[in-house]
Amino acid sequence: MSQLVTGSSSAAPIIGRVAVVGLGLIGGSFAKGLRESGLCREVVGSDPDPHTQQLAVSLGVVDSMVPDLPSAVQGAELILLAVPVLAMRSVLRELARLELGGAVITDTGSTKTAVVEAVREAYGQVPPQFVPGHPIAGSERSGVEAADAGLFRRHKVILTPLDNTDPAAVERVRQAWQALGADVEDMPLEDHDEVLAATSHLPHLLAFSLVDTLASRSENLEIFRYAAGGFRDFTRIAASDPVMWRDVFLANRDAVLRSLDTFTRDLSRLRTAVEEGDANTLLGVFTRARVAREHFSTILARRAYMEPMQTQSINFIASPGSRVQGRIRVPGDKSISHRSIMLGSIAEGVTEVEGFLEGEDSLATLQAFRDMGVVIEGPHRGRVTINGVGLHGLQAPPGPIYVGNSGTSMRLLAGLLAGQNFTTELTGDASLGKRPMGRVADPLRAMGATIDTAEGGRPPLVIKGAESHLKGMEYVMPMASAQVKSCLLLAGLYAEGKTSVTEPAPTRDHTERMLKGFGYPVQVDGATATVESGHKLTGCRIDVPADISSAAFFMVAASIAEGSDLTLEHVGINPTRIGVINILRAMGADITLSNEREVGGEPVADIRVRYAPLKGIEIPEDQVPLAIDEFPALFIAAACAEGRTVLRGAEELRVKESDRIQVMADGLQTLGIRAEPTPDGVIIDGGVIGGGTIDSHMDHRIAMSFAIASLRATADIRITDCIHVATSFPGFIDLASSVGIQIRQEDNA
Ligand code: S3P
C-alpha cells in the first residue's frame, strides 16, 4: 500500500460516502487513494465498462460498484466526475435531474472552460457546490488496472472556482486531494486552459504527430529499430490514451489553436534558418531553449510545478576556526562580467569572455540579452562567446526582463534600453523592488527618455525607447555612483551629441575602460567622463579578473585569524576598487601584492595576506566609494581590531541589497560587539565575538561577512536566508572550506 500524506487514516472518517463516476486511471487512482486514506467512510464507483465493473472491487479501488448513475450518487457527500471531457455532457444532464442534497461535485477534466459550459448547459447555471478541478498527473498506462493510490502525491491539483462557488465546497474538494498528498492551488479558469494548452496539450499533439509521420512512412516500423533515447524521450507521451486526447483537443480548441499557431510560426522560422544555413538563428534558439530547459528541470526536480524559485531558504552554520591557509582564485568580477555581456552584445563581431562570473546577477544580464535576440554561447567554465548585434541590432524581448536581485543589471540596462526603438519592462525580486531607481530614471528623463517607475521611483521600470529622443547632456551626479555614471554613458551612445558625467568622488571606471577596449572613444578629464554618439564597438577578448569584492572576505579572514597565510590569485586591483586594501593596511594588515600585470585594460595581481593584529581607525572618507561593497567585511575586521573604528560619509550603504549599516550593526550587537549606527556610518569597538543567529536580510555580502566572523567567534554563528550568496559568489562554502573556514549549510533549511 502506498504511503499517503494524511493524518486521518486512524481517525474517524470525516466524509461519509464518496461517489466516483468513471474509473479510468484518474478516477480509479482517486478512489483507491481516498479509500486508503481513511478520509471517507465508503467509496462507490460507477462505470459503464463491464470489464472495469468486474475489476474495480477486486483490485481494491472501490468498496462497491453501482452500475446505474442515480443509485451510485445517491446519498454521496462528494461526487467526482472522472469521465472524458466530451462524455461529461451526458453525465451532467443525468445528474441535473437528480435531487442530490448538498453534495459537492467536482471533476478532473483537463479543459475547464468546456466542463463549465457543459455544467451550465445541464443546470442552467453553475451550481455553487460545483468545484471545477484538474489534477496534473498521469501515466502512459490507462484503465482501472493502472489505478495507483500514490499517483497524485506531490503533484499539483488546480481548482478553478467561479465567483459563485461555495467556499465550503472548495474546501471539501481541497481536503480530499490533500488527503492523497497533492498540492492544491486555485487559478482563474481561462488561465488554466491557456497554461495547459501550452504546456500539456501542444506537446501531446506534437508527439502524436511526429510518431505518426515517421510510422506511416515505414509500414513495418523498421526505422524505430534505429531510434535512440532522444526519440524515446521526445515521444513518450504519444503512448497516451487516444480517446481522451481527441476529446481534449476538441474541448480546448481555441487555446490549443493559439499555442499551435505560435509554434507553427516559430517552427517555420527554424525551417527557413535550416534552409538558408543561418547558423546564428539556430544557435540562438538552441541556446535559449537549453537555458530555459535547465531552469525548468530544476523546478521539475523539486516537483514544485509553477512554484517561484525564491521560496527556497538556505541557512549557514559557521563554526569557530583557526587559521586560513592556501592559494585560491575567487570567481570573476561581477561589475566587469555584467559589462562584458552588455558591451559584447552591442558590439559588431564576436566577443570572447574568459573568467566570467557564473553568479545569478551576471547571468540575469546574460539572459536579458538573450531575450533581446543576442546569441550567446556558454557560460562554460567562465567562457562566454557573444555574437554581437551592433548598437542597433537588439530586438524587443518577448516579455518583461527579470533581473532578479541585480541592481547593476537594472540600472545599466535602463540607460541602454532608453536608446532602443522598443519598450521594455525591467522587473526584479522583492529586495530589488525596494531599491531607488529615480537616480537613473530622473537624469535619463532629462536626456529625453520616457520612463515609468512604481511609486517612489522603485522598480519595475517601463522604458519606452521608441518614445524617447535622447539628447546628450552634462550631468553632475549628486552621489558617487558607478551605476548611475555607467547608465548615462550607455544612454550617451544613443544620444544626440555629447554626454558627460561628472562624479563627486572617483567610482569604479570599468565602463570607461571597457568601452575603450571595444574601440569606442571615451574622454576622461578629471572627474568627468564624456562619450559622443556616432561611433561603434568592435568585438574583442575580455579576461575577467577575480573579483576584489569576493577576495575581500578572504583578506579579512586571513587578517583576523592568527597564523593565517593566504594568497588570492589574479585579483582585479583597479585603483577605483582597492579601498579595502588601503583600509585594511591602515588598520595594520599585512598585505603584499605580487605578479602585477594588466589584462585587457584592467590591472591584476596576486594578493598575499598574512595574519597581523589590527587596530581601529577613522576610515578616510575618500576611501568610501573605493570600498563601497567591502564594508560588511571591513566591519568584521573592525570588530576584531583593538580600539574603535569610525566610518562616516557612507550613507549609500543604506540603499544596497539591504541597509548594510543597520543590518551589520544589529548582527554585530547580537554577537556581543558594540556597534552604533549613525546616519552615514557606524562606530564599532573591537571585542570578543560570541555565537548567535544573524538575519542576513537576503543580502549576500552580509551573509558572507558573518560567515568569516566565525574564525574569531567563541561559538557557532548561524546565518539565515543565505540563498543570495549565489548572486555574486557561487561555490563560496566549498572555497572557504578549502582554506580552513568551517561553514556548512544547515540541514532541512
Ligand atoms: C557597481 C557599482 C556600485 C556597487 C555595485 C556594483 C557597478 O554601486 O555597489 O555592487 O557595477 O557599477 P553604486 O554605483 O550604486 O555605488
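Me: Accessible areas come from the Shrake-Rupley method with a 1.4 Å probe; for residues, only the protein chains shown count as cover. What area does the protein expose, and what do carbon and sulfur atoms supply?

Reply: The protein exposes about 30800 Å², and 51% of that comes from carbon and sulfur atoms. The model is predicted: local features need pLDDT of at least 70 and side-chain atom pairs pLDDT 80 or more, while totals for chains, interfaces and linings use all residues. Residues are numbered from 1 along each chain as its sequence is written, and side-chain values use heavy atoms, without hydrogens or water.

Me: What is the overall build of the protein?

Reply: It has 24 helices and 32 strands. These are DSSP runs numbered from the N terminus: helices are H or I with at least four residues, strands are E with at least two. Along the principal axes, the C-alpha atoms fill a box of roughly 90 × 65 × 55 Å. Of the 749 residues, 54% are buried. Among contacts between residues at least 6 apart in sequence, 75% join residues at least 24 apart.

Me: What makes Asp629 stand out in the UniProt annotation?

Reply: The unreviewed UniProt entry marks Asp629 as "active site". UniProt positions follow the numbering used here, feature names are shortened, and an annotation may be inferred rather than shown by experiment. Asp629 sits in the loop between strand S26 (602-610) and helix H20 (631-640).

Me: Why does Asp629 count as buried?

Reply: Its relative accessibility is 13%. Buried means under 20% relative accessible area, exposed means over 50%, and partly exposed lies in between (1.4 Å probe, protein chains only). 13% is under 20%, so Asp629 is buried.

Me: Which residues is Asp629 in contact with, leaving aside its neighbours within four places in sequence?

Reply: Arg508, Ser549, Lys656, Arg660 and Arg701. Contact means heavy atoms within 4.5 Å.

Me: What makes the side chains of Asp629 and Arg508 a polar contact?

Reply: They come to 3.1 Å. A polar contact is a pair of N or O atoms within 3.5 Å; within protein, one must be able to donate a hydrogen and the other to accept it, and residues adjacent in sequence count only if both atoms are side-chain atoms. 3.1 Å falls within 3.5 Å, so the distance test is met.

Me: How many residues surround the ligand, and which are the closest?

Reply: There are 13. The closest are Ser335, Arg339, Ser481, Asp629 and Lys656. A residue is near a molecule or strand if one of its heavy atoms lies within 4 Å of it.

Me: Where does the side chain of Ser481 meet the ligand?

Reply: An N or O atom of the Ser481 side chain is 2.7 Å from a ligand oxygen atom. 2.7 Å is within 3.5 Å, so the pair fits the polar-contact distance. Arg339 places a polar side-chain atom 2.6 Å from a ligand oxygen. Gln483 uses its backbone: a polar atom there is 2.8 Å from a ligand oxygen. The ligand has 380 Å² of accessible area on its own, and the protein covers 95% of it.

Me: Why is Thr511 called buried?

Reply: Its relative accessible area is 2%. That is under 20%, so Thr511 is buried. Thr511 belongs to helix H17 (residues 510-517). It touches Arg339 and Ser486, not counting residues up to four places away in sequence. Its side chain also makes a polar contact with the side chain of Ser486, at 2.7 Å.

Me: Why does Gly588 count as partly exposed?

Reply: Its relative accessibility is 30%. That lies between 20% and 50%, so the label is partly exposed. Gly588 lies in the loop between helix H19 (579-586) and strand S25 (590-599). It touches Ala612, Pro613, Leu614 and Lys615, with residues up to four places away in sequence not counted. Gly588 and Lys615 are 27 residues apart in sequence, yet 6.4 Å apart C-alpha to C-alpha.

Me: Why do strand S2 (residues 40-46) and S3 count as a pair?

Reply: Two bridges join them, in the parallel sense. Pairing needs at least two DSSP bridges, so S2 and S3 qualify. One bridge partner of Gly45 in S3 is Met65. The open sheet has six strands in the order S3-S2-S1-S4-S5-S6, paired in parallel. Strands S3 (64-65) and S6 (130-131) are its edges, as each pairs on one side only.

Me: How many bridges join strand S17 (residues 451-454) to S18?

Reply: Three, and the strands run antiparallel. Ala454 stands opposite Arg458 in S18. The S17 and S18 hairpin has three residues between the strands, and Gly456 takes a positive phi near 70 degrees there. Strand S16 (residues 423-427) pairs with S18 (residues 458-464) as well, antiparallel over four bridges. Leu426 stands opposite Leu461 in S18.
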